[in-house]
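User: I am in my first year and would like a close look at a single part of this protein, namely how one of its helices sits against its neighbours. Could you take me through it slowly and then set it in the context of the rest of the chain?

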Amino acid sequence: MGKRRTKFTAELNMDAQIVYSIINEYLEKQLFKPIVIKKENVWQSKPISLSTPRCFGYTYTNGTLVIEAWIRDVLIPGIYMGESRLTGVSNILLKNEYSHQIKKLIDMLYEIKGKDEYTFNPDEYKTNAPMEDDEAISNNTSSNSAYKNIPQSNNTVKNNNKSPEGRASNGTIISIIALVVSIISFSAIGEVFALIIGCVGIKYCKIGLESETKRGTAKGGIIIGIIAECIAILALILYTVYYFMC
């Protein structure tokens, strides 16, 4: 499936460092974080509950800012099947709000452009927040990429189990255990246990989706975890019906 995105263009003719700093700071305040999707560096909003995440990408070349904005189509929580432009009737409230935020960002850039650029201090717009996928983004950064100005974290991951790759692997193992327990368990307690660890496995795998190398593993773990949850819920329903009938 190809890219289905809405483009916004602004002729700014401002210093690139200032533009990068302002946009990155604005996105972080809107709870976006840099991630890698299919080897492309983009920003994605943090999904809240079952909400559809918003995505944001931009380039700034020869004084021209080009923003690409879209939302991700959710198949099941944590697994996405494509992109949607900020037009159309589906998720219209979310799309309208997102479009308004982008226009507000562009208006802010034009407002800053009207100031004296020689006295403007770009440090006011910089951030010291660490990235969650530093290595993947730094390896895929191009010369015109906005990500070259995102501060990099100096802290190495001491526990690989807490990294997206580790969470993807561990979450998949936990989901498999939940599936096995849900199938072989012949008691309500066992099904409740499968239900609990299945939720843990899915949660870990959703974190693992941020990994480029273990993304497929994480998706498989989520699917297995959901199957385990369904079996456990169905078994609990059957146990409950059998209890009241007997």
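Analyst: Six bridges tie strand β2 (residues 32-37) to strand β3 (residues 40-45), and the two strands run antiparallel, but before returning to that pair I will turn to helix α4, the part I have chosen for the close look. Please keep in mind throughout that this is a predicted model.

To place α4, it helps to know that the protein chain holds six helices and six strands, and that, read from the N terminus, the order of its elements is β-α-β-β-β-β-β-α-α-α-α-α. Two packed helices are described by the angle between their axes and by the distance between those axes, and I will use both values for each neighbour of α4 discussed here.

Take helix α5 as one neighbour. Helix α4 covers residues 164-184 and α5 covers residues 188-208, and the two pack at an angle of about 160° with their axes 7 Å apart. An angle over 145 degrees counts as roughly antiparallel, and α4 and α5 are therefore roughly antiparallel to each other. Their crossing is left-handed, and the residues that make up the contact of α4 with α5 divide into 14 nonpolar, nine polar and two charged.

Now take helix α6, which spans residues 215-245 and packs with α4 at an angle of about 25°, the axes being 8 Å apart. Here the angle falls under 35 degrees, the limit for roughly parallel, so α4 and α6 are roughly parallel to each other. The crossing in which α4 passes α6 is left-handed.

With the helix described, we can look at the rest of the chain, where 43% of the 246 residues count as buried. Strand β2 shows what burial can look like in one element: five of its six residues are buried, so the strand is largely enclosed by the rest of the structure. Within its pairing with β3, I35 stands opposite V42 in β3. The hairpin formed by β2 and β3 has two residues between the strands, and in this hairpin K38 takes a positive phi near 50°.

A last detail concerns a lysine in another helix, since K95 is found in helix α2 (residues 92-113). Residues under 20% relative accessible area count as buried, and K95, with a relative accessible area of 2%, is therefore buried. Its side chain reaches the backbone oxygen of T87 at 2.7 Å.

Terms used:
Residues numbered from 1 in each chain as written. Predicted model: local features only at pLDDT ≥ 70, side-chain atom pairs only at ≥ 80, totals over all residues. Heavy atoms only, no water. Axes fitted to C-alpha atoms, helices over the stretch in contact; angles between N-to-C directions. Helix = DSSP H or I, 4+ residues; strand = E, 2+ residues; numbered from the N terminus. Parallel < 35°, antiparallel > 145°, perpendicular 65-115°, else oblique. Left-handed = near helix turned anticlockwise from the far one by under 90°. Nonpolar A, V, L, I, M, F, W, Y, C, P; charged D, E, K, R; others polar. Buried < 20%, exposed > 50% of the residue type's maximum accessible area, 1.4 Å probe, protein only. Pairing = 2+ DSSP bridges. Polar contact = N/O pair within 3.5 Å; in protein donor to acceptor, adjacent residues only side chain to side chain.
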